[in-house]
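The following report describes a single protein chain, moving from selected residues to the packing of its helices and the make-up of its cores.

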Amino acid sequence: ARVRMLTGVRPSEAAGITRDRVNPLRRTLTIDRQLSRVAPYDLAPTKTAASVRTVPLSDAAFEVLARRIEDVGPGDLIFRSRQDGPLVHSTQATAWAKARRTLAGSETPLPGVGYSWHTLRHTYASASLAGGMDIATLSRMLGHKTVAETLETYSHMIPGRDDMHRNAAAAVLGL
């Protein structure tokens with residue numbers, strides 16, 4: 001969950017991360033494939049060509065991945081189910097429900113019914129905007145095809161947006 005929240009990768013992209021996609025020297029993660037959503041759950045191309053990207057890893061995200069890559073081979077999936085299988089959709093749904101129960105009384109509870117691992121992608125986007133990331137960079141980090149796609153989805157989350165725009169025209173016109 002932390003890697004998804006700290007990188008904005010899609011659930012299927014996270015499920016398809018192998019050791020060889022993590023660059024410890026540059027502290028980056030290459031997203032160029034995802035776990036397919038249908039059996040036999042092979043690695044498949046990303047959602048779109050724009051989804052292929054290199055994501056810089058925060059210290060927190062790198063720490064999580066560094067611990068995971070110690071125990072797997074170069075082409076092995078980093079995130080696996082308890083039965084040592086791939087993190088398929090049903091496994092992720094079960095893990096989300098368990099994580100919600102675990103964090104229910106904490107300072108950072110997960111959203112309720114109707115939300116899923118994909119919610120963490122939106123958490124990343126809104127936190128990045130609140131932290132000052134520009135929309136073009138966020139668009140690249142999310143693997144969106146265009147900045148317009150990112151704006152359509154997240155422009156309501158830009159901090160101070162209403163205050164900034166409320167008097168914009170009056171200020172330019174000197175009124």
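## Surface, cores and helix packing

With a relative accessibility of 55%, R2 counts as exposed. This residue belongs to helix α1, which spans residues 2-7, in what is a predicted model. Leaving aside neighbours within four places in sequence, R2 is in contact with V64 and R67. Its C-alpha atom lies 8.5 Å from that of L120, although R2 and L120 are 118 residues apart in sequence. Helix α1 also holds M5, which is partly exposed at a relative accessible area of 33%. M5 touches L120, T123 and Y124, when residues up to four places away in sequence are not counted. For M5 and H122, which are 117 residues apart along the chain, the C-alpha atoms are separated by 8.2 Å.

The chain as a whole contains 9 helices and 5 strands, and their order from the N terminus is α-α-β-β-β-β-β-α-α-α-α-α-α-α. Of its 175 residues, 36% count as buried, and about 10400 Å² of the chain is exposed, with carbon and sulfur atoms supplying 56% of that area. Among the contacts with a separation of 6 or more, 54% are accounted for by residues 24 or more positions apart.

In soluble globular proteins, nonpolar side chains tend to be buried together. The largest nonpolar core here has 22 residues, and those with the most contacts inside it are I17, V22, L29, L65, I78 and F79. At least two residues of this core come from each of α2 (11-15), β2 (28-31) and α3 (59-69), and the largest share, 6 residues, is that of α3. Apart from this core lies another, of 8 residues, among them Y124, I135, L138 and M141.

Within α3, the residues A61, F62, V64, L65, A66 and I69 are buried, and the buried residues of this helix pack against α1 and β1 (22-23). F79, for its part, touches V3, A14, A15, I17, L65, R68 and L87, again without counting residues up to four places away in sequence.

How are α5 and α6 oriented to each other? Helix α5 (residues 118-130) and helix α6 (residues 135-142) pack at an angle of about 155°, with their axes 10 Å apart, and they are therefore roughly antiparallel to each other. The crossing in which α5 passes α6 is right-handed. On the side of α5, the residues R121, Y124, A125, S128 and L129 take part in this meeting, and I135, L138, M141 and L142 do so on the side of α6.

A second helix pair involves α6 as well: the axes of α6 and α7 come within 9 Å and cross at roughly 100°, which makes α6 roughly perpendicular to α7. This contact is made by I135, A136, L138, S139 and L142 of α6 together with V147, T150, L151 and Y154 of α7. T150 lies in helix α7, residues 147-154, and is buried, with a relative accessible area of 0%. Beyond its neighbours within four places in sequence, T150 is in contact with I135, L138, S139, L142, H144 and S155.

Backbone geometry offers a further point to check. Most residues other than glycine have a negative phi, and most peptide bonds are trans. R27 has a phi near 55°, a positive value in a residue other than glycine, and is found in the loop between β1 and β2. D84 likewise has a positive phi, near 65°, in a residue other than glycine, and is found in the loop between α3 and α4 (89-103).

The table lists the relative accessible area of the residues described individually above.

| Residue | Relative accessible area | Class |
|---|---|---|
| R2 | 55% | exposed |
| M5 | 33% | partly exposed |
| R27 | 34% | partly exposed |
| D84 | 52% | exposed |
| T150 | 0% | buried |

Key
Residues numbered from 1 in each chain as written. Predicted model: local features only at pLDDT ≥ 70, side-chain atom pairs only at ≥ 80, totals over all residues. Heavy atoms only, no water. Helix = DSSP H or I, 4+ residues; strand = E, 2+ residues; numbered from the N terminus. Buried < 20%, exposed > 50% of the residue type's maximum accessible area, 1.4 Å probe, protein only. Contact = heavy atoms within 4.5 Å. Areas by Shrake-Rupley, 256 points an atom, 1.4 Å probe, with all protein chains shown as cover. Core = buried A, V, L, I, M, F, W, Y, C linked by side-chain atoms within 4.5 Å. Axes fitted to C-alpha atoms, helices over the stretch in contact; angles between N-to-C directions. Parallel < 35°, antiparallel > 145°, perpendicular 65-115°, else oblique. Left-handed = near helix turned anticlockwise from the far one by under 90°.
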